[in-house]
Structure formats: structure tokens, C-alpha cells
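Work through the exercises below with the sequence and the model open side by side. Each task is followed by a worked solution.

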Amino acid sequence: MAAEDIEKLRERSISKLDTDAALDHVGTLIDRSLDARFGRGADRALYLLEELSKRDLHPKQGALLEYFRANAWGLKEDVAGDRGSWAWEHPGREQQILALSRAVVHPGFLELDVVRRCQILTNRANQLNTIGRLIDAIEVWDAALRIIPGFAMAQANRGYGLRHYSSLLDDDRERAILLLHAYDGLVAATAAGATFDAVYPAAVLSQIAEAADECAGAADFDRIRAQQNLDGPSLGRNKAERSYRQWCLDNRLFLNVLNDLGAHSAAASDDLVLPPIGEEFDERPGVVTPPHIVGFFNQMKQEYTSARFMLYEGLQDTKVHFADRGVFLLNTLDFPLHSLATERVRTAFRLGYSLLDKVAFFVNHYWKLGKNPDRIYFKNVWMVEGKTQLLDCFKAYENWPLRGLYWLSKELFDDELEHTTAADARELHDIRNALEHKYLQVHEGWAWPIIAGPPSAHGLGLSVASDLLEAKARRVMKIARSALIQLVLAIGVEERARVWNGPGTLVGTMPLYGLEDRRKRRDPM
């Protein structure tokens, strides 16, 4: 399209167009501007979308508007040449992820046609993967593939993501299995019957096929496929244990990278551990125990798995527990929910959220940031003390999962660091604040439409429906899981870099062994 034609398209007014026609115009403007690398088209599109957002939109139109908003920010990034940069701060990408998050949770999302929904999910996953949030990206790609199993761009990008994920693992078996599934995705993207949302250049398809060939050349996939045994192991000794472990698998809550491939019984354990940690011989003179961070990570795992089980119990318990009998409470006439099950959900939320601050404490210690440990939390550990500016050491630091951990912190809201990539960040913040410092009043979910609407504040704290609290508790647990896995992967990158940069260094080893289950009982003495 000629430059003067794009300029005319950019200058066109939408004031006399109905909303559907106006959205079509904006979509066309973004597409044409992308083809011509015309940055002013992105600026105009963002302005028009802001004007459209003031109209009384149908839910479907609202979801589509957010999708176009993300595309406009993506156009700005393309024109600026920011893709592929190691820079940790990307305001445009932040806006893309936020807009796509809003589109996914928008009431009109399910009214969009299936291809459009897959485009939104795939684009969001691609952005998450690019900035290092690989755990969350895989789950979003899988959401797109549940809609259209053969959606080519989801299959291909999931394959690329799994290939990169596998390269970060120390365990040979897990690395081989992830590489196999990366290969399967790349092959599926170019197979007969794959669904394409557009006509892609032949070079793109060739690149996908070449990536599949590279994977095939790195491993014996016939042998791996025959031995992976993902669904062979038992889930437990009794019905209660099997039900719990199946729930964890279905919700992808095991600290096990194989759980990112789906609900396979081989992933029904929390086998995530820190990679081999190096220390100077004189770093802790006279001490013969492992580095303290090993015990710290053990404790974080225990808190996570305990919170996960509390959440499960809170969600599954439909009977009055004997501990609740005889506890006299007054009926406040607004369908209050007070029970041991509810307290388990509340406690799981609090424990999961608190783990994020402990991850920040861990980052401060391991990367020797020197920050005041009494003032560290997940949102500010990356920042200059008392400022909203990223620490210089992180601005272009080449550690992909660590950058992802930083971007995971953007899922949360903070009064001082308000930038976020999550549509529900403020909601999570308000619930946590009320749980820890105020009064979180929980009401029976079925009655919430009768007595209220969205979460509402009152003089003492916050009122929420039970089903909303349960959903947000699950969300916090998934954020905590991602944070713990990303932390381990980031330390692995760091330790391998130290070994690579220190050839010829004399290294002594200290093997560590697992703590036996029989030693996990409470000490009766």
C-alpha cells in the first residue's frame, strides 16, 4: 500500500461510523501500518481505540478492542526495533500483555469466533514467553489448543517454548521428554490439516520445519517416546490421595516441570530442587553443612505444598467439620461464610502470596543485591531503594528465567509500583491487604448477586463472594508455583555461567540426599 494511501487511512475519522465499522477501520489501519512499518499508524490506532472505549460497547466489541489495542502496541514495538532486545523494561510490551489479559478475561471473549480467541491466546502466550514467563506461556498456548487443537501458530510457538525450556533443565530425563514434545508441536504446526489464521510466508513454515529437524537431530525420539511412561505411575495408595493428586495435576500445581505438559501421573510429585550450588572454599569457614539457601528452599517448598493441600481441602469440604460445631457465631443477615473450610482457603491465599516475598528475599541473597532485608518484597526487590527505577545490574542482564521472574512480579499491584500486566492485580492486592491487615468478609457465593456485585469495600475492609476468593486463591497458588520454578531455572542459568566463566577452577563436591518420608512426622517429644 502506497504511503499516501496509508496516510489517508490514518487521517480518516470514525465519528460517523458505527462501532463495528470503526473497529474494522482500526484493524485495517494496524495491519496496513504493520506491513509498511508505519509508526504513526499505531499512534493513531491507539487514539481511535481510546475514543471507541468511551462508547457503549457490546461485550464482544470490548474484547475485540483490547485485542486491537495490543496489536497497536505490538506495531509500535516492531517499528522501534525492540524485539529480541535483552532490555528488561519494555513499556510497550507491558501494555500488550495487559491488553491481551483484559481481552481474555473480558465478558465478550467467549462471543468472539474461535480463530480470534486462539489468536488472542497465542499472542498473549508469545509475549509471556518472550519476556521469560515460560511456565505461564505454555498454559496459555494449551488453552488455545483446547479450542482448536491444530492451531498452527500455537503449536509452533509452544514447540519453540518447550525447546528453550528443555535447555534450562539439569535432569536428563525431563530435558529429553520436553524436547520430544517440542518436536511434536513443531511437526504438528506444519502437518496436513493444521489451522492457519492467515497466509504466512514460506520462510516461516521453513523455519518451523528446520527447528523440528534440529530437535530430531539432538535426540533419539523413538527411544524417548517408548520410555517416557508419562501415564504409567500410580497416583497413590488410596482414593483420597489419588483424588488430591489428580486435582493437583489438573490444576498444574505440582512443582514438577512435567506437569507443564499436562495432567500426567508421572508429574504427580514435587521433585523440583535447586541446581548444584557453587561456593568459595573460604566462604563459610568451619561449616560442613550445605549452603543455607538449600534449607530455605526446602522450607518454601513445604509452605507451598502445605498451602496447596489446605486449598484443596477448603475447596472439597462440603460438610460441617466437627471443629466448627459448638463455635457460636452471630448471623449478620448477609449470608456470611465462616467455617474451617473457608479458613483453609483464606490461609492458602495468604501463604501463597507470602511465598512471593520470600522469593524476593532469596533473590536479594543469592544475587547479592545488598538491599535492606526488612524492606524487601516481590515488587521492589528489582528496584533502586525507594525508587521506581530498575537496578542497573538488571537492565540488560542475560538470564531469561530471571527476567521472567521480574515480569511475573508485574502481575501484582503495589501502591508505589503501580505498573502491572494483570487485569486482576488490584483485586489480588486488595484481598491480600484485607486478609493480612483488615477484615475480609466472605459471603456465600450463590447469594452474592442478591446482596452486592463486584468486590466491595466497607469501613473495616472488603467483602467478597466465596467463589471469587476460591478462584483468586487458585490464581495465587499458580503464581507462587511459577515463581518457584522460575527461581530454580534462573539459578541454574547463573551456576552454569559461573562454571563456564571459571575453567580450570578446582572444584570439590558435596552430595546431598533426600530427606526420608519417615522423618516428616511431628516429633512426639
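The exercises go from the whole chain to single residues.

This is a predicted model, in which local features need pLDDT of at least 70, side-chain atom pairs count only at pLDDT 80 or more, and totals for chains, interfaces and linings use all residues. Residues are numbered from 1 along each chain as its sequence is written, and side-chain values use heavy atoms, with hydrogens and water left out.

**Exercise 1. Overall form**

Compare the radius of gyration of the chain with that of a compact globule.

Solution.
1. The radius is taken over C-alpha atoms, and the globule rule is 2.2 Å times the number of residues to the power 0.38.
2. For 525 residues the rule gives a value near 24 Å; the chain has 25 Å, so the two agree.
3. Along the principal axes, the C-alpha atoms fill a box of roughly 85 × 70 × 50 Å.
4. The chain contains 18 helices and three strands. Both are DSSP runs numbered from the N terminus: helices are H or I with at least four residues, strands E with at least two.
5. Contact means heavy atoms within 4.5 Å. Of the contacts between residues at least 6 apart in sequence, 68% join residues at least 24 apart.

**Exercise 2. The core**

Which residues have the most contacts inside the largest nonpolar core?

Solution.
1. Buried means under 20% relative accessible area, exposed over 50%, and partly exposed in between (1.4 Å probe, protein chains only). Buried residues make up 48% of the 525 in the chain.
2. A nonpolar core is a set of buried Ala, Val, Leu, Ile, Met, Phe, Trp, Tyr and Cys residues joined through side-chain atoms within 4.5 Å.
3. The largest such core has 142 residues, and Tyr165, Trp382 and Leu405 have the most contacts inside it. Helix α18 (residues 466-501) gives the most to this core, 15 residues.
4. Not counting residues up to four places away in sequence, Trp382 touches ten listed partners, among them Trp88, Val363, Phe394, Leu405 and Tyr406.

**Exercise 3. The two sides of α1**

Sort residues of helix α1 into buried and exposed.

Solution.
1. In α1 (residues 3-11), Ile6, Glu7, Leu9 and Arg10 are buried.
2. These residues lie on the same side of α1, because they cover an arc of only 160° around the axis. The arc is that of the directions from the helix axis to the C-beta atoms.
3. The face turned away from the buried side carries Glu4, Lys8 and Glu11, which are exposed.
4. The buried residues of α1 pack against α2 (19-36) and α3 (39-52).

**Exercise 4. Two residues of α4**

Find what Glu66 and Ala70 contact beyond their neighbours within four places in sequence.

Solution.
1. Glu66 lies in helix α4 (residues 59-80), and Ala70 lies in α4 too.
2. Glu66 is buried, at 10% relative accessible area; Ala70 is buried, at 2%.
3. Glu66 is in contact with Ala99, Arg102 and Ala103.
4. Ala70 is in contact with Gln96, Ala99 and Leu100.

**Exercise 5. A loop residue**

Is Leu272 buried or exposed?

Solution.
1. Leu272 is found in the loop between α12 (239-250) and α13 (292-316).
2. Its relative accessibility is 8%, so Leu272 counts as buried.
3. Leu272 and Leu255 are 17 residues apart in sequence, with their C-alpha atoms 5.5 Å apart in space.
4. Apart from residues up to four places away in sequence, Leu272 touches Leu255, Phe297, Lys301, Leu484, Ile485 and Val488.
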